Amino acid sequence: MGYQLIEEITVGAGGAASIEFTGIPQDGVDLVLKLAMRTNRAANTDSVKIQINNNTGSIYTHLRLQGNGSSVLTGSYTGTESYVIVNGNNDTANTFGNADFLISNYTSSNDKSATSDAVNENNATLAYQDLKAHLFADTNPVSSVQLAPSGGTLFLQYSTASLYMITAD
Amino acid sequence: MTDTPVKIVVDLSKPKGERESIIPLTDEEIAERDAQAVIAEAERVEQEAIEAQKAADAQAGRDALVALGLTEAQINALLGA
Amino acid sequence: MATPTYTLIDSVTLATNTANVTFESIPTDGTYGDLVIVLTGTMAVGSVGHGDIKFNYSTTGYNVVHMDGDGSTTISRAYSNQMQMRFSENNSFSTTTLNTTIIQVLDYAETNKHKSVLIRTNRADGLVAATAGRWADTSAINRFILAGDAAYEAGTTVYLYGIAKAL
């Protein structure tokens, strides 16, 4: 009832090349994905690639507003997956980037509108805060979500991905 | 003929299933909505003009410092740019 | 079973174009501490238009700081004592692309503070924005009105959630 945890994944030793949530219950209103992640990309920051319903088409559009400690940036994207910023392996040790990703009306037969807020945690001037407006041109209900590192090859141990459903009852 | 705009009122004091009412806007409500939009736009334009003037003043100040012989690096250090 | 603390109070799906959406008689008896409003939809404007919110019957005291990006330009502006709390500096809604707006109203029922509001509004073809707002009124909020430059189109949804502060 209300804000319901569907599943939480914690990455074990050895890391994970991808995380997938399947068989998502279809009796909710919105989906919320909460991430705390670090990848093995040898850089400050990485991104998590997000796809829905195994849809690999060029259906993912987003607009971003980003601050990096020195300047503010905005840009747009259309492509085969969407992204949220998390930590790379050059960020401060033992820190994980955090992201909150809400897909509104995920069971509807319309395109899916989503919003994300993400931060890259780093004890330095260079750290990103990233706000995005997303649109997925997929009119199917969201029944699965696929996550993978963008620049790295692995999500590192202790990274977590939690999928919540907001229900009407 | 233009349809009269309507509003939805959800009264949470009523039982579920009986809460929604669809009500046409009164002429006063329509006028108030239109007036608020005009005021908001005027305030936005005013803010825009203030910012444009600030930017122009900042550039004029910078130009004056250049005329006095300061380098770009000195000006940036002075202004914290 | 855990006690639910994030609860859907009610929701509306517009069957027809609607100039504004009001929720009233919101409980202020301490059942909920914060409100979360999720608005998803489009607006019957010629091109793009603003969305906004007002509390109780008030058309004064709305203060905001907006931070917007549209894909090519960023902007941040502050306004004081407005007649309504707009979701963003730039136009938040269009008739063609879905907007998702999340409005958090913190301690909405308290009578010892002005009301803090956090708004994220998103339209993937034209706007990503964050707004920090303050309604300069210590009254408990028992009503809010979602409105804008034009009617919200049929199919637009509004979900009102309450977050409890005690189990």
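Me: What area do chain B and chain C bury between them, and how much of it is on carbon and sulfur atoms?
Reply: About 2200 Å², with 52% of it on carbon and sulfur atoms. Buried area here is the accessible area (1.4 Å probe) lost when two parts are put together, summed over both. On the chain B side, B:Ile8, B:Leu12 and B:Gln36 supply 26% of the area buried against chain C, more than any other three residues. This is a predicted model, in which local features need pLDDT of at least 70 and side-chain atom pairs count only at pLDDT 80 or more, while totals for chains, interfaces and linings use all residues. Residues are numbered from 1 along each chain as its sequence is written, chains are lettered from A and ligands numbered from 1 in the order written, and side-chain values use heavy atoms, without hydrogens and water.

Me: How many residues does the contact take from chain B and from chain C?
Reply: Chain B gives 24 residues and chain C gives 31, where contact means heavy atoms within 4.5 Å.

Me: What makes C:Arg77 and B:Glu51 a salt bridge?
Reply: The rule asks for a side-chain nitrogen of Lys or Arg within 4 Å of a carboxyl oxygen of Asp or Glu. The N to O distance for C:Arg77 and B:Glu51 is 2.7 Å, so the pair qualifies. Across the interface of chain B and chain C the rule finds 2 salt bridges, and over all chains the count comes to 16.

Me: Which elements of chain B supply at least two residues each to the side that touches chain C?
Reply: Strand E1 (6–11) and helix H1 (27–67) do. Helices (H or I, at least four residues) and strands (E, at least two) are DSSP runs, numbered from the N terminus. H1(B) gives the most, with 11 residues.

Me: Why are E1(B) and strand E2 of chain C called paired?
Reply: Pairing requires that DSSP find at least two bridges between two strands. E1(B) and E2 (residues 20–24) of chain C are joined by 5 bridges, so they pair, and they run parallel. One of the partnerships is B:Val9 with C:Thr22.

Me: Why is B:Arg44 called buried, and B:Glu41 partly exposed?
Reply: Buried means under 20% relative accessible area, exposed over 50%, and partly exposed in between (1.4 Å probe, protein chains only). B:Arg44 has 18%, so it is buried. B:Glu41 has 34%, so it counts as partly exposed. B:Glu48, at 37%, is also partly exposed.

Me: How do you know that B:Glu41, B:Arg44 and B:Glu48 are linked in a network of salt bridges?
Reply: B:Arg44 forms a salt bridge with B:Glu41, the closest N and O atoms being 2.8 Å apart. The side chains of B:Glu48 and B:Arg44 also meet in a salt bridge, with 2.8 Å from N to O. The three residues are therefore linked in a network.

Me: Where do these residues lie along helix H1 of chain B?
Reply: B:Arg44 and B:Glu41 are 3 residues apart in the helix, so about one helical turn separates them. B:Glu48 and B:Arg44 are 4 residues apart, again about one turn of the helix.

Me: What makes C:Arg123 and C:Asp125 a salt bridge, and is each buried or partly exposed?
Reply: Their closest N and O atoms are 2.8 Å apart, which satisfies the salt-bridge rule. C:Arg123 is buried, with a relative accessible area of 5%, whereas C:Asp125 is partly exposed at 43%.
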